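Work through the exercises below with the structure open. Each task is followed by a worked solution.

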Amino acid sequence: MAEVGEFTVANIAMDEDKKEEQKKANVDRSKLEADIKAQKDLAGKAVQAFVRQAMEYVERTPSEETKVELIKTLQSVTEGKIYVEIERARLTRKLAQLKEREGNIAEAADVLQEVAVETFGAMAKTEKIAFILEQVRLCLDRKDYVRAQILAKKVSARAFKVVPGKQGEAAGEIGIEGTTIEAPTEDTPSLEELKLKYYQLLIRYHSHNNSYIDICRCYKAIYETDSIADDPEKWKPVLQRICWFVVLAATSSDQVTLLNGTAADKKLDGLPDYKELLQTFITQEVVYWDVLEKKYASEISEQQEVFDAEQGDQRQKDFNLRVVEHNVLVISKYYSRITTKRLATLLCLKEEEAEKHVSGMVVAAALYAKIDRPAGIVRFAKRQDPDELLNKWSNNLAKLLEVVERSCQQIQKESMVHKVPIGAS
């Protein structure tokens with residue numbers, strides 16, 4: 001019997017046959033998986049083509065009821081299918097528009113919020129932003145400010161900046177998820193139009209909270225947009241609102257930065273009244289409310305976007321409050337101690353009102369002050385520790401002696417250069 005090691009020739013042949021069969025099985029399995037994937041792709045494309053064809057019939061329906069029924073049917077077809085997620089989002093938006101047209105704002109907002117387009121890799125950037133802004137608008141219309149803020153945070157201010165050479169955002173390019181970006185719908189606004197709409201919606205939100213500093217920032221972003229900055233008819237009213245809201249904002253480091261930055265704008269030369277308004281709050285001088293109110297009464301009545309019928313009275317009160325706060329800060333820089341009677345006279349207020357304003361600014365950490373009510377004295381300067389006071393005096397004295405020494409050196413130098421003896425008549 002012929003043997004090769006421990007195996008016979010027959011066993012070796014059988015082993016080779018098994019390997020060939022296993023190899024064929026692996027090849028068949030790979031081919032089967034490829035065929036299944038191809039069939040799924042074809043099925044997905046077929047469903048996508050069917051849905052897109054059916055979407056063209058939505059606007060041709062004879063009645064609103066038929067249109068709603070067709071949209072809901074197509075929504076059920078597209079539910080849970082990634083390859084038709086964009087079509088589902090567009091159908092949902094149409095359904096929300098129908099609900100809004102009927103006057104059901106709350107229902108329209110609920111319908112539109114069912115779709116989270118920020119996760120769609122194949123949707124164009126502009127269409128995605130437009131969809132989210134529509135969600136924000138409906139939430140503001142139904143006065144759901146908390147949800148509107150949450151949705152608005154899905155859009156970053158950086159999204160409106162066009163980065164040259166950046167790939168994965170335009171139609172036909174490959175997105176971050178490896179999918180091809182689809183072209184947006186024809187009615188999708190441009191990126192600059194979306195930017196203006198975004199900040200207008202934020203202004204509506206911040207107006208509800210009377211957050212003047214945030215409203216000012218929004219108008220600042222609108223003012224810096226190319227289409228606004230190049231047209232005097234557009235940037236002038238925007239710049240006027242920036243001036244009003246930066247003045248209405250409570251005193252803070254951000255407010256001071258915005259105030260000085262706006263005052264330095266050369267375009268304010270064409271708006272002298274507003275330039276003077278900003279300088280009034282920059283200059284460290286007491287402002288008399290009666291004079292200021294009379295001077296800008298006509299401007300206040302014209303600025304309906306700022307002093308509108310709904311919040312106009314409150315904003316005029318806030319304007320008066322900012323004048324009082326400005327005066328208190330100015331007085332605190334010129335006085336270390338002042339009587340409440342004299343403070344009330346400078347502020348054109350009663351003593352109780354002056355004390356109330358000072359206390360409010362102390363609570364808001366905008367000012368340091370201590371009020372001695374029995375004595376009727378307000379102290380703005382902090383009591384210094386004796387050791388700290390002596391150290392400060394010693395440092396000042398050292399600086400003075402250094403200045404005197406430098407002056408002596410300069411005098412001796414000039415005397416030597418011009419050969420004039422010191423003390424000669």
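The exercises cover one histidine and two salt bridges.

The model is predicted: local features need pLDDT of at least 70, side-chain atom pairs count only at pLDDT 80 or more, and totals for chains, interfaces and linings use all residues. Residues are numbered from 1 along each chain as its sequence is written, and side-chain values use heavy atoms, with hydrogens and water left out.

**Exercise 1.** Decide whether His 326 is buried or exposed, and find what its side chain meets.

Solution.
- Step 1: locate His 326 in helix H15, residues 312-334 (helices are DSSP runs of H or I, at least four residues, numbered from the N terminus).
- Step 2: His 326 has 7% relative accessibility, so it counts as buried (buried is under 20% relative accessible area, exposed over 50%, partly exposed in between, with a 1.4 Å probe and protein chains only).
- Step 3: a polar atom of the His 326 side chain lies 3.1 Å from the backbone oxygen of Glu 285.

**Exercise 2.** Describe the salt bridge between Glu 118 and Lys 154.

Solution.
- Step 1: the side chains meet at 3.0 Å, N to O (a salt bridge is a side-chain nitrogen of Lys or Arg within 4 Å of a carboxyl oxygen of Asp or Glu).
- Step 2: the pair links distant parts of the chain, 36 residues apart.
- Step 3: Glu 118, at 33% relative accessibility, is partly exposed, and Lys 154, at 37%, is partly exposed.

**Exercise 3.** Place Arg 406 and Glu 402 in the structure.

Solution.
- Step 1: both lie in helix H18, residues 386-418, four residues apart, about one turn of the helix.
- Step 2: their closest N and O atoms are 2.9 Å apart in a salt bridge.
- Step 3: Arg 406 is exposed at 54%; Glu 402 is partly exposed at 39%.

Notes: A polar contact is a pair of N or O atoms within 3.5 Å; within protein, one must be able to donate a hydrogen and the other to accept it, and residues adjacent in sequence count only if both atoms are side-chain atoms. Helices (H or I, at least four residues) and strands (E, at least two) are DSSP runs, numbered from the N terminus.
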